[in-house]
Amino acid sequence: MIGNPPPEAHPNLGGAVRHCVVCGAPLERRVWAFDGTEQLCCTRPGCTYVHFLDPKVAAGVIPTFGGKTILLQRAHNPGKGLWTFPGGYVNQGEVVQKAAAREALEEAAVEVRVGALLGVYSFDRFPTILIVFAGEVVSGEPRAAAESTALRLVGAEEIPFGDLAFDTTRAAMRDWQEWMRTGRVSGTAL
Ligand SMILES: [Zn+2]
């Protein structure tokens, strides 16, 4: 089992962003006068650009197929060789549920009807907010497609928690398990 990828490895947390995207001058991390937080600010006098390190939004779906669900083995890092359900980044202007369905089609070659919200998952210093839905396969035969090296079907009592890729994956699968058992999700308390 691995944890989450180190946040500093993610370009969205600023490690790889060095220049102003408006004027090209170097950025520096300094206290932003507007609210006193530390931000990546442009160093050119007169340029007010601030590079905010926004979270990335990802969507996933845990679809049922013959009473089981689909797990995909990741072909790439982070989490190469470990397992997760279909999911990926939401594009700007894309409906979140449609992003989840698109990922299921791209990664597992199935059309999915996206259903109830299972949860919204985020962790300290983790760059991604993951939104996960339950769902149901409505057409297609599941197979490992883009970004996956293998696919397996597992029942709610057969989830390989030790081989799941991220904390967000484990949290969402726990909620899906509860949802399959009880038809409800209690949510994650802070
Ligand atoms: Zn600038």
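Q: In this predicted model, which residue of strand 9 does Y121 stand opposite?
A: Start with the two strands: strand 8 and strand 9 pair in the antiparallel sense, over eight bridges. Y121 belongs to the stretch 111-121, which is strand 8. Its opposite number in strand 9 is L130.

Q: Which residue in the turn of the hairpin formed by strand 8 and strand 9 has a positive phi?
A: These two strands form a hairpin, with six residues between them. One residue in that turn takes a positive phi of about 60°, and that's R125.

Q: Which residues is V132 in contact with, leaving aside its neighbours within four places in sequence?
A: V132 sits in strand 9, which covers 128-139. It's also listed with V61, I62, A100 and A172 as having the most contacts inside the largest nonpolar core. Contact here means C-beta atoms within 7 Å. On that basis, the partners of V132 are G60, I62, L118, G119, Y121 and A172.

Q: Which element gives the largest share of the largest nonpolar core?
A: That core has 34 residues. Strand 4, strand 5, helix 1, strand 8, strand 9 and helix 2 each supply at least two of its residues. The largest share, six residues, comes from strand 9.

Q: Which strands do the buried residues of helix 1 pack against?
A: Take the buried set first: A99, A100, A101, E103, A104, E107 and A108. Buried means 20 or more other C-beta atoms within 10 Å of a residue's own. Those helix 1 residues pack against strand 4, strand 5, strand 7, strand 8, strand 9 and strand 10.

Q: How many Å does helix 1 reach from its first C-alpha to its last?
A: Helix 1 runs over residues 96-108, so it has 13 residues, and at 1.5 Å a residue 18 Å is expected. Just after the helix, A109 takes a positive phi of about 60°. From first C-alpha to last, helix 1 comes out close to expectation, at 18 Å.

Q: Which strands are the edge strands of the open three-stranded sheet?
A: The order in this sheet is 1-2-3, with antiparallel pairing. Strand 1 and strand 2 are joined by five bridges, and L27 stands opposite C42 in strand 2. An edge strand pairs on one side only, and here that picks out strand 1 (27-31) and strand 3 (50-51).

Q: How many Å separate the centres of domain 1 and domain 2?
A: The domain assignment gives domain 1 as 1-53 and domain 2 as 56-182. Taken over C-alpha atoms, their centres are separated by 31 Å.

Methods: Residues are numbered from 1 along each chain as its sequence is written. This is a predicted model: local features need pLDDT of at least 70, side-chain atom pairs count only at pLDDT 80 or more; totals for chains, interfaces and linings use all residues. Domain bounds come from an automatic or database domain assignment. Helices (H or I, at least four residues) and strands (E, at least two) are DSSP runs, numbered from the N terminus. A residue is buried if 20 or more other C-beta atoms lie within 10 Å of its own, exposed if 12 or fewer, and partly exposed in between; C-beta atoms are placed from the backbone. Two residues are in contact if their C-beta atoms, placed from the backbone, lie within 7 Å. A nonpolar core is a set of buried Ala, Val, Leu, Ile, Met, Phe, Trp, Tyr and Cys residues joined through C-beta atoms within 7 Å. Two strands pair if DSSP finds at least two bridges between them.
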